[in-house]
Amino acid sequence: MQQQCPVHTQESVNATPQVESDNRPAIDYGGYFEDALNQLKGEGRYRTFKQLERKVGAFPIARDVERNRDVVIWCSNDYLGMGQHQSVLNAMHHALDDLGAGAGGTRNISGNHSVIVDLERELASLHHKDGALVFVCGYVANETTLNTLLSMLPGCVVFSDEKNHASMIQGIRNSRVKKQIFRHNDLAHLEELLKEEPLDTPKLIAFESVYSMDGDIAPIKEVCELAKKYNALTYLDEVHAVGMYGDHGAGVAERDQVMDKVDIIQGTFAKAYGVMGGYIAASREIIDVVRSYASGFIFTTALPPVLAAGALSSVRHLRQSQYERDQQQANVAYLKTRLREEGIPILDSVSHIIPVMVGDPALCKQASDLLLSEHYIYVQPINYPTVPKGGERLRVTPTPLHTREMQDALVAGLKDVFTRLNIRYASACPA
């Protein structure tokens, strides 16, 4: 018998829905969120974003929109200024004119354009691997790859450096495999944990080359030797190193001549390459299994041709040009020397990252605000949970385009601000 559709009379339309109880307690959802925000503000950890407009051809100068004046940026991750390099801009203009703005879909649904294929070939060649896979950003590359690979290895145990990036931690957490956290760059502790697992247990060691907050560098060769000894894969995050180190900008692993010992290398285009996007480079099997199983890759729109073209141009340029790296390293050395001469407390970083230590969240923000308002210098405050409580700092990143005058002005500005805010000088700097 055919089911009859319900008849909607005017009476039924106007009827008031019945409520089970008129005495239900109201839930102040906004209040919960407001309390959480007030806690951040009370601890001096509430984040504010400055509206800065980069000026083509003038980097590292940008326009402070709120104050309507130029400032010098000292905290950009565009480490080599490639975001405004003419070859990169030209490549992006051509891609925009020829291929349009968007990718058109996922890699499986019309988004597998020729530029991204060329980019992956270039990356595989750069890192001396069978293949590479491009993601929309480095965070997705880390989270998706680690989650996928760890989940596919039966009984896998992952060994993660305690200072790994949040994207790596999230990928490991989502995989739900057994994890062991080893003390930062502590080879003895890593081996102690590796010894606890049978040799036939699948293992993966996840670590970074350059750690972005302290500026220190992992002992890649020694970690790879432990991995070989205990039958583990190695996963190396080189996001703060690609473009920056090695004869062709392939990272610290290239500089240290150990690229062949690392199983999976992860990188980004959003830092030294000056654009946006992330990638992994690895064996044919690993690339194919991530391409075929990783939902974060499969169901995400592909990197648009205009971004892929900019990244490809930047990678190719830095493979053959040493000028940017040499000039940047010279500027880093000069600025570190000047800061030490004036007693400004900096960590003993061996990389291009210079952490200027403050040690208090409120003072850190005040120092940043004073540098901007009175010295026209922008360095953002770094507070917990990005760094441990008590380790609050200003993270300075010199580029090849910072002049000596700019560097001397930064030193003078920091001296003035540290004195006025009574921030401890080097002799009392936390180790």
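Let me start with helix H5, residues 138-152, where a simple check is possible: at 1.5 Å a residue, its 15 residues should span 21 Å, and the end C-alpha atoms are indeed 21 Å apart, so expectation and model agree. Please keep in mind throughout that this is a predicted model.

Staying with H5, the buried residues there are Gly138, Ala141, Asn142, Glu143, Thr144, Thr145, Leu146, Thr148, Leu149 and Leu150. As a general reminder, an α-helix has 3.6 residues a turn, so residues three or four places apart point the same way.

What does H5 pack against, and at what angle? Its partner is helix H10, residues 284-293, and the two pack at an angle of about 100 degrees with their axes 10 Å apart. Angles of 65 to 115 degrees count as roughly perpendicular, and H5 and H10 are therefore described as roughly perpendicular to each other. On the H5 side the contact is made by Thr145, Thr148, Leu149 and Met152, while H10 contributes Ile286, Val289, Val290 and Tyr293. By residue class, the contact of H5 with H10 divides into six nonpolar residues, two polar ones and no charged ones. Three of the names I have just given, Thr145, Thr148 and Leu149, also appear among the buried residues of H5.

Stepping back to the whole protein chain, there are 15 helices and 14 strands, and the C-alpha trace spans about 90 × 55 × 55 Å along its principal axes. Of the 431 residues, 51% count as buried. If we take contacts between residues at least 6 apart in sequence, 71% of them join residues at least 24 apart. The chain exposes about 21000 Å², and carbon and sulfur atoms supply 51% of that area.

Now to some details of the backbone. A cis peptide bond, with omega about 15 degrees, joins Phe59 and Pro60, and Pro60 sits in the loop between strands E1 and E2. The peptide bond from Tyr384 to Pro385 is cis as well, with omega near 10 degrees, and Pro385 is found in the loop between strands E13 and E14.

Finally, two residues other than glycine have a positive phi: His128, near 60 degrees, and Asn231, also near 60 degrees. His128 lies in the loop between helix H4 and strand E4, whereas Asn231 lies in the loop between helix H8 and strand E8. Are they buried or exposed? His128, at 63% relative accessibility, counts as exposed because the cut-off is over 50%, while Asn231, at 47%, counts as partly exposed.

Definitions and conventions
Residues numbered from 1 in each chain as written. Predicted model: local features only at pLDDT ≥ 70, side-chain atom pairs only at ≥ 80, totals over all residues. Heavy atoms only, no water. Helix = DSSP H or I, 4+ residues; strand = E, 2+ residues; numbered from the N terminus. Expected span 1.5 Å × (residues − 1). Buried < 20%, exposed > 50% of the residue type's maximum accessible area, 1.4 Å probe, protein only. Axes fitted to C-alpha atoms, helices over the stretch in contact; angles between N-to-C directions. Parallel < 35°, antiparallel > 145°, perpendicular 65-115°, else oblique. Contact = heavy atoms within 4.5 Å. Nonpolar A, V, L, I, M, F, W, Y, C, P; charged D, E, K, R; others polar. Areas by Shrake-Rupley, 256 points an atom, 1.4 Å probe, with all protein chains shown as cover.
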